[in-house]
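Could you walk me through this structure, step by step, as someone who has not seen it before? I would like to know what to look for and where to find it.

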Amino acid sequence: MNRYEIDQIVREIDIHGQPPGTEPDRQYFFMAKVRAHVRELTKSLGRKPTCCVTTFGCQMNARDSEKLVGILLQAGYDITEDEHADFVIFNTCTVRENANQRLYGRLGTLKNRKKKNPYMKIALCGCMMQEPSVIEKLKESYGFVDLVFGTHNIYKFAELLNAVFENQSMVIDIWEDTDKIVEDLPSERKYPFKTGINIMFGCNNFCSYCIVPYVRGRERSRKPEDIIREIESAVAEGVVEIMLLGQNVNSYGKNLEEPMTFAQLLQEIEKIDGLKRIRFMTSHPKDLSEELIQVMKHSKKICRHLHLPLQSGSTRILQAMNRRYTKEQYLALAKRIKQEIPDISLTTDIIVGFPGETMADVEETIDVIKQVEYDNAFTFIYSPRTGTPAAVMPDQVPPEVVKEGFDKVLKAVQDMAKQQVKRFQGQNAMVLVEEINEQDPALLTGRMSNNTLVHFPGDPSLIGSLVNVKLEDCYGFYYMGHQVP
Ligand code: 5AD
Ligand code: SF4
């Protein structure tokens with residue numbers, strides 16, 4: 001359902017009645033109630049209240065934030081990127097500890113702003129809120145926060161917002177898990193021409209370092225018909241590229257009433273007229289099927305990019321990480337993919353400093369980087385997360401040893417990326433134009449099918465369209481080029 005259709009429903013609701021028991025009707029009812037509160041607030045302020053949603057972390061969070069913004073727009077807020085807004089929401093990430101520290105710092109700044117603006121409200125949501133120790137800390141030392149909710153009940157945002165207007169004290173609503181997926185709620189896209197589409201939520205893999213299964217819950221797939229309907233309506237509104245989102249898209253559909261594979265879902269999505277490009281994130285190597293490779297190979301729309309997290313190149317460490325593949329299995333998979341789809345770009349995630357990791361293990365990782373020839377890799381320093389098995393493993397690696405390994409891996413990744421990215425130099429490529437270049441407004445920035453960035457001179461009216469660009473010069477991670485017919 002689009003924004004206008006939802007607006008029409010919300011307009012006609014009698015807010016003096018009882019809230020409906022079923023979703024999404026219940027949330028429409030609370031959107032109508034919040035609208036009334038926002039109208040009052042507008043009178044007090046003498047202008048429309050503003051709201052800022054700041055997103056930390058991954059694409060999944062970015063998509064969740066679009067859902068929050070959709071509801072805030074229905075409620076009557078003006079959206080801004082300025083954290084001096086009347087309502088500030090932090091959608092948090094907790095995958096690594098430094099993300100948590102950054103949040104507490106930002107909250108300190110907000111506290112001072114709130115003292116100056118008596119109408120100001122602060123909300124926190126996302127993965128970090130699923131950690132009981134965080135909630136304790138917020139209750140104890142951050143009492144000025146108005147609303148705290150987690151990852152499982154984000155669909156209830158309108159209802160929670162209403163509670164904030166009707167309560168003086170901090171509203172906290174955290175669920176441990178859910179099997180619920182609520183459809184037909186509003187969402188506002190950051191870009192008119194591309195969007196993320198959730199196909200599944202949660203993760204069942206329990207990699208031993210990872211907090212995600214604890215904060216995002218068990219794996220649940222959306223029904224294919226709901227996914228297709230959402231994409232069709234996005235395409236009708238001008239979207240040409242979608243990114244299918246899931247913690248482990250390769251296990252999509254296993255728990256549906258009528259099971260379906262990810263490759264089958266992709267084939268259905270491919271049929272949608274007007275949709276030009278399909279991306280997806282993230283693939284677990286252990287579940288990547290030959291069926292998927294064949295569907296990608298024959299697809300006209302699936303982008304020539306696969307993000308295939310390696311984490312470590314050492315079989316011993318992979319085992320301790322509970323990744324359920326060996327170095328050799330990963331290498332064989334990467335080889336098979338490149339053999340079938342030669343122009344594909346592979347990218348990856350790597351963790352350095354996992355408990356027990358030695359320099360010999362780091363060398364194994366570097367060996368994989370050299371053999372697989374990644375176009376890009378995100379390299380992370382291992383961060384112990386409370387509650388995960390790895391956090392209590394013996395042999396935590398001393399920081400100076402981690403640093404040495406990290407620098408080596410980073411150099412290997414950068415050298416490889418430089419060499420790989422430039423292999424298309426001199427060729428023409430279709431580029432989806434995304435924005436005006438941040439440094440030089442005479443240039444546009446777009447993305448190739450394989451996700452490489454390209455900058456070229458052009459008119460901003462091209463934003464959102466696919467254009468053919470000659471890839472003239474490669475500068476490490478990106479190209480400079482010129483549009484060609
Ligand atoms: N420490 C460091 N990196 C981590 N990741 C997940 N958990 C941790 C952790 N505890 C990385 C993995 C994953 C990416 C999203 O974040 O590489 O693929
Ligand atoms: Fe974390 Fe592993 Fe699940 Fe990815 S697959 S979210 S790394 S547990």
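What follows is a short tour of the ligand surroundings, the nonpolar cores, a few loops and some backbone features. Please keep in mind that this is a predicted model.

Let us begin with ligand 1. Its surroundings are formed by Val 95, Arg 96, Tyr 209, Gln 311, Asp 349, Ile 351, Phe 380, Ile 381, Tyr 382, Ser 383 and Arg 385. By class, that shell holds six nonpolar, two polar and three charged residues. Three polar approaches to the ligand can be picked out here. Asp 349 uses a polar side-chain atom, which sits 2.7 Å from an oxygen atom of ligand 1. Tyr 209 takes part through its backbone, with a polar atom 3.0 Å from a nitrogen atom of the ligand. Ser 383 also offers a polar backbone atom, 2.8 Å from a nitrogen atom of ligand 1. On its own, ligand 1 has 410 Å² of accessible area, and the protein covers 85% of it. Two elements, β13 (345-352) and β14 (376-381), each give two or more residues to this shell.

Now turn to ligand 2. Around it you will find Cys 203, Asn 205, Phe 206, Cys 207, Tyr 209, Cys 210, Val 212, Pro 213, Gln 247, His 284 and Arg 323. Sorted by class, these are seven nonpolar, three polar and one charged. Tyr 209 appears in this list, and it is also listed around ligand 1.

Two members of the ligand 2 shell deserve a longer look. Asn 205 lies in the loop that runs between β8 (200-201) and α7 (212-216). Is Asn 205 buried or exposed? Its relative accessible area is 5%, so Asn 205 counts as buried, the limit being under 20%. The side chain of Asn 205 makes a polar contact of 3.0 Å with the side chain of Lys 286. Beyond its neighbours within four places in sequence, Asn 205 is in contact with Asn 248, His 284, Lys 286, Asn 322 and Arg 324.

That list leads to the other residue, His 284, found in the loop between β11 (277-281) and α10 (290-298). His 284 is buried too, with a relative accessible area of 5%. With neighbours within four places in sequence set aside, its contacts are Asn 205, Cys 207, Asn 248, Asn 250, Arg 323 and Tyr 325. Asn 248 is thus a contact of Asn 205 and of His 284.

Next, look at the nonpolar interior. In soluble globular proteins, nonpolar side chains tend to be buried together. Here the largest nonpolar core has 68 residues, and Ile 231, Leu 244, Phe 262, Ile 269 and Phe 280 have the most contacts inside it. To see one of these at work, follow Leu 244: among the residues it touches, not counting those up to four places away in sequence, are Ile 197, Ile 231, Phe 262, Ile 269 and Phe 280. A second, separate core has 34 residues, including Val 10, Ala 75, Tyr 77 and Leu 161.

The loop between β14 and α14 (399-421) is the next stop, and Ala 391 is found in it. Ala 391 is partly exposed, with 25% relative accessibility. Although Ala 391 and Ser 208 are 183 residues apart in sequence, their C-alpha atoms are 8.4 Å apart in space. Setting aside neighbours within four places in sequence, Ala 391 is in contact with Tyr 382, Pro 384, Arg 385 and Gln 396. Tyr 382 and Arg 385 also belong to the surroundings of ligand 1.

Finally, some backbone features. Most residues other than glycine have a negative phi, and most peptide bonds are trans. Asp 395, in the loop between β14 and α14, has a positive phi of about 60° although it is not a glycine. Asp 395 is exposed, at 57% relative accessibility. Asn 451 also has a positive phi, of about 85°, and is found in the loop between β16 (443-448) and β17 (453-457). A cis peptide bond joins Glu 23 and Pro 24, with omega about 5°, and Pro 24 sits in the loop between α1 (3-11) and α2 (25-45). Another cis peptide bond joins Met 281 and Thr 282, with omega about -5°. Thr 282 is in the loop between β11 and α10, where His 284 is also found.

Definitions and conventions:
Residues numbered from 1 in each chain as written. Chains lettered and ligands numbered in written order. Predicted model: local features only at pLDDT ≥ 70, side-chain atom pairs only at ≥ 80, totals over all residues. Heavy atoms only, no water. Helix = DSSP H or I, 4+ residues; strand = E, 2+ residues; numbered from the N terminus. Buried < 20%, exposed > 50% of the residue type's maximum accessible area, 1.4 Å probe, protein only. Polar contact = N/O pair within 3.5 Å; in protein donor to acceptor, adjacent residues only side chain to side chain. Contact = heavy atoms within 4.5 Å. Near = heavy atom within 4 Å. Areas by Shrake-Rupley, 256 points an atom, 1.4 Å probe, with all protein chains shown as cover. Nonpolar A, V, L, I, M, F, W, Y, C, P; charged D, E, K, R; others polar. Core = buried A, V, L, I, M, F, W, Y, C linked by side-chain atoms within 4.5 Å.
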